[in-house]
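Student: Hi! I'd like to go through a structure with you. Could you put it up?

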Amino acid sequence: MAIAVMRKLRLAAISSDRDSILNALQKTGAVEIKPLSDKENTHRPQADTDALFSCLERAERALGELEATSRRFAKEAKLEYPLCKDGFEISYDEFMSAKEKRGEAEELIEKIEALLEERKEAQAELVKVRRDALAAKPYAEIDEPFIEFGNTKHVKIQLGAMPKNKLAETETALGDMAALSVSGAGDTVAVAVAAHTSVAEQAEEILRGALFSVCPFRKETRTGRELNCALLERENQLNEKIKTGEQAEYGLAAQIRALKVYCDSLAFECEKAAESGKMLATERTFLLEAYVPEGSEELVENALKEVTDSAYVSFLDVEKDETPPTLMRNNGVVKNFEAITNLYSPPNAREFDPSTVMAFFYSLFLGFIMADMGYGLLMALGGGILWYRGRTRDGGLKRLAAVFCIGGAFAFVWGILFNSLFGISVLPFKIMPDLLQMGDTEAKVNWSFLGIPIPALLVIALELGVFQLFAGYVCRAIQAWRRGKITDGILDGVVWALFSVGVGLALAGFVEEFHAKILVYVGGGTAGVTLLVAMLTAGRKEKLLGKFTKGFGAAYGVINYASDILSYARLYGLMLSGAVIAQIVSGYALTGWNGSTGMIVSGNAGLVVLGIVLLIAGHVLNLALSLLGAYIHDARLQYVEFYGKFYEGEGALFTPFGSRHSHVWVPVAPLPQAKKAKKIKIKENSRASVKI
């Protein structure tokens, strides 16, 4: 439940050592370079970023082409594809050595580009050949060279193609003015029309109306039969050439892994070039500043000692007007819930990390919504298996799986309290009130609240909301106290937390089944007194009229408070919908309704099979839909109702230099925690510097 304190690294070294120093900083996984402001007699280090990025784009294009072609060829030829999924693990030494193998990688890229260019040329020619073959098809039975269909002094000859169904009407329309010869038996036939020059234009008009198209091969010395054979042969040659090229690329598929390593190595070189723009340089030296988590100073110093002995290094406290990046330090359980907070907004480095408190409430509410032993077990097992499979590295799916696994444990406990196993009561006891009235008395479903019967679980959901709002105001107080604002923490946090206690007690007192009427007076009195204190002190920092308006605003805030509590009714609604579906599915499949027999125990083979299908499909679908709704609405309660009481956010997550990779995963040792003794020493000597 803490955010790491950031220290500021300031480093000055010889420019020739810059590359090796950046490599050393990347290896630590503990440095995020920050931009420096321009200073007199300095300049930005020069780096050919355009050339590097161009090289990276070229390598990524070649990689994408090689993967796509190899996968397609393997599928069509029914061959094994040497799959190399992104995210495979490599050592730091292998990653850094990829730069030394640039010649091999570039040679591979050139081969891929050459094969791609050949295939593109062949595909472009194939399109043209197929187009010509389609146009030449009607003339396949012509045994005279096309060039012989030429005009004479008094006769104009037209060679072309037209729809076969237009022949009869065309012959009738032409009559004696032209001679017509037909070749071919398809839907489109070749037609040669000879007409005297005096009526040629009239004949052409009739032909145009019959969808006659002039032959595009009039200058060909080959016959129609020869042309069709030649085009078909060329089409086969081009298809074979394309297939051979794809086969050649498939032969390079084994090098996809090496090419992916090279691409990420190039990306790191691009990052180094881009980050150089944040530094300053003189004629022979360069200056770098970076954020380093407290406790990692020694790690960084030792890494630098391995590559240079002429660098000056100092670690400084971050200035108050600086906004350092955020690095959350949580245990293995709470760390899984950081992603939920980050979806809303990462905390800023000046506030405390709410993930621990939020993790408890998120799991509590997730379990309450599911509230079934069977669903809880499935969530815990499914989430646990997914987490275990990805346990060696961080990832969004791994974290989400852990959240559902933990939520499943809470759902199992709530399921025991509600005596529900896939919607069926299996235990001899029930601690919580009934969710639905299933033949029992109304008293087990509803409570009398101010004389009005309302669902008992709705009251419990609202009380859970009051509990979380109480925690939110406590967090507000802690936030203020961490910044030395003791009075603000008491009046803006503790007072409203006590108000929440009063509201919670009063709600419980209004339930007649509790027989605790005194809670109404105790809770109402607590809420009234704390509200009065809040109204009188809300304008303590204002002048004159501002004091009154602020006090009125505090009173008006009670309406928003009531609205926040009512938002937690969604817990009951989501729980109700899932429970109803679970009971219906299990009822029809197993227990039956109103004395009837469930399908599975009916003895009818057909009904047994149908019942099993209903049981599995129904509960799987219900679990999936309930989880989706629970995930979204549970997060909304954290973001709006809970975080709205104290959370600031707007932070930027700490992103170590060189830690972003598209294809590979390079393991980095966990960052060391700050030691208390070292922390005190740093505070006493905040500008300590060492020469390496």
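Tutor: Happy to. One term before we start: a residue is called buried under 20% relative accessible area, exposed over 50%, and partly exposed in between. Keep in mind, too, that this is a predicted model.

Student: Got it. Then what does Leu427 count as, buried, partly exposed or exposed?

Tutor: Leu427 has a relative accessibility of 27%, so it counts as partly exposed.

Student: And where is Leu427 along the chain?

Tutor: Leu427 is in the loop between helix H13 (396-418) and strand S13 (446-449).

Student: What is Leu427 in contact with, leaving aside neighbours within four places in sequence?

Tutor: With those set aside, its contacts are Met373, Ile416 and Asn419. For Ile416, which is 11 residues away along the chain, the C-alpha separation from Leu427 is 8.0 Å.

Student: Let's zoom out. How many helices and strands does the protein chain have?

Tutor: The protein chain has 20 helices and 16 strands. It is more spread out than a compact globule, because its radius of gyration is 39 Å, well over the 26 Å that the globule rule gives for 692 residues. The C-alpha atoms fill a box of roughly 120 × 90 × 60 Å along the principal axes.

Student: What share of the residues is buried?

Tutor: Buried residues account for 45% of the 692 in the protein chain. As for the surface, about 35700 Å² is exposed, and carbon and sulfur atoms supply 60% of that area.

Student: How about contacts between residues 24 or more positions apart?

Tutor: Those make up 80% of the contacts in the protein chain with a separation of 6 or more.

Student: And the charges, how far apart are the mean positions of the positive and negative ones?

Tutor: They are 6 Å apart, taken over 76 positive and 82 negative charges.

Student: Switching to sheets. What is the strand order in the open sheet of 4 strands?

Tutor: The order is S6-S7-S5-S8, with antiparallel pairing. S6 and S8 are the edge strands, each pairing on one side only.

Student: How many bridges join S6 to S7?

Tutor: There are 6 bridges between strand S6 (residues 178-183) and strand S7 (residues 188-196), and the two run antiparallel. In one pairing, Ser181 has Ala192 in S7 as its bridge partner. S6 and S7 form a hairpin with 4 residues between them, and Gly184 in the turn has a positive phi of about 105 degrees.

Student: What about the S8 end, which residue stands opposite Val214?

Tutor: That is Gly160, which stands opposite Val214 in S8. Strand S5 (residues 155-163) and S8 are joined by 2 bridges and run antiparallel.

Student: Back to S6 for a second. Is Ser183 buried or exposed?

Tutor: Ser183, which lies in strand S6, is at 16% relative accessibility and therefore counts as buried. Not counting residues up to four places away in sequence, Ser183 touches Pro138, Glu141, Ile142, Val189 and Ala190.

Student: You mentioned a positive phi in a glycine. Which value does phi of Leu211 have?

Tutor: Phi of Leu211 is near 65 degrees, which is positive in a residue other than glycine. Most residues other than glycine have a negative phi. Leu211 sits in the loop between helix H6 (200-209) and strand S8 (213-214), and at 54% relative accessibility it counts as exposed.

Student: And what is phi of Glu650 near?

Tutor: Phi of Glu650 is near 65 degrees, again a positive value in a residue other than glycine. You'll find Glu650 in the loop between helix H19 (605-642) and strand S15 (664-665). With 69% relative accessibility, Glu650 counts as exposed.

Definitions and conventions
Residues numbered from 1 in each chain as written. Predicted model: local features only at pLDDT ≥ 70, side-chain atom pairs only at ≥ 80, totals over all residues. Heavy atoms only, no water. Rg over C-alpha atoms; globule rule 2.2 N^0.38 Å. Buried < 20%, exposed > 50% of the residue type's maximum accessible area, 1.4 Å probe, protein only. Contact = heavy atoms within 4.5 Å. Areas by Shrake-Rupley, 256 points an atom, 1.4 Å probe, with all protein chains shown as cover. Lys, Arg positive; Asp, Glu negative; His and termini not counted. Charge placed at Lys NZ, Arg CZ, Asp CG, Glu CD. Pairing = 2+ DSSP bridges.
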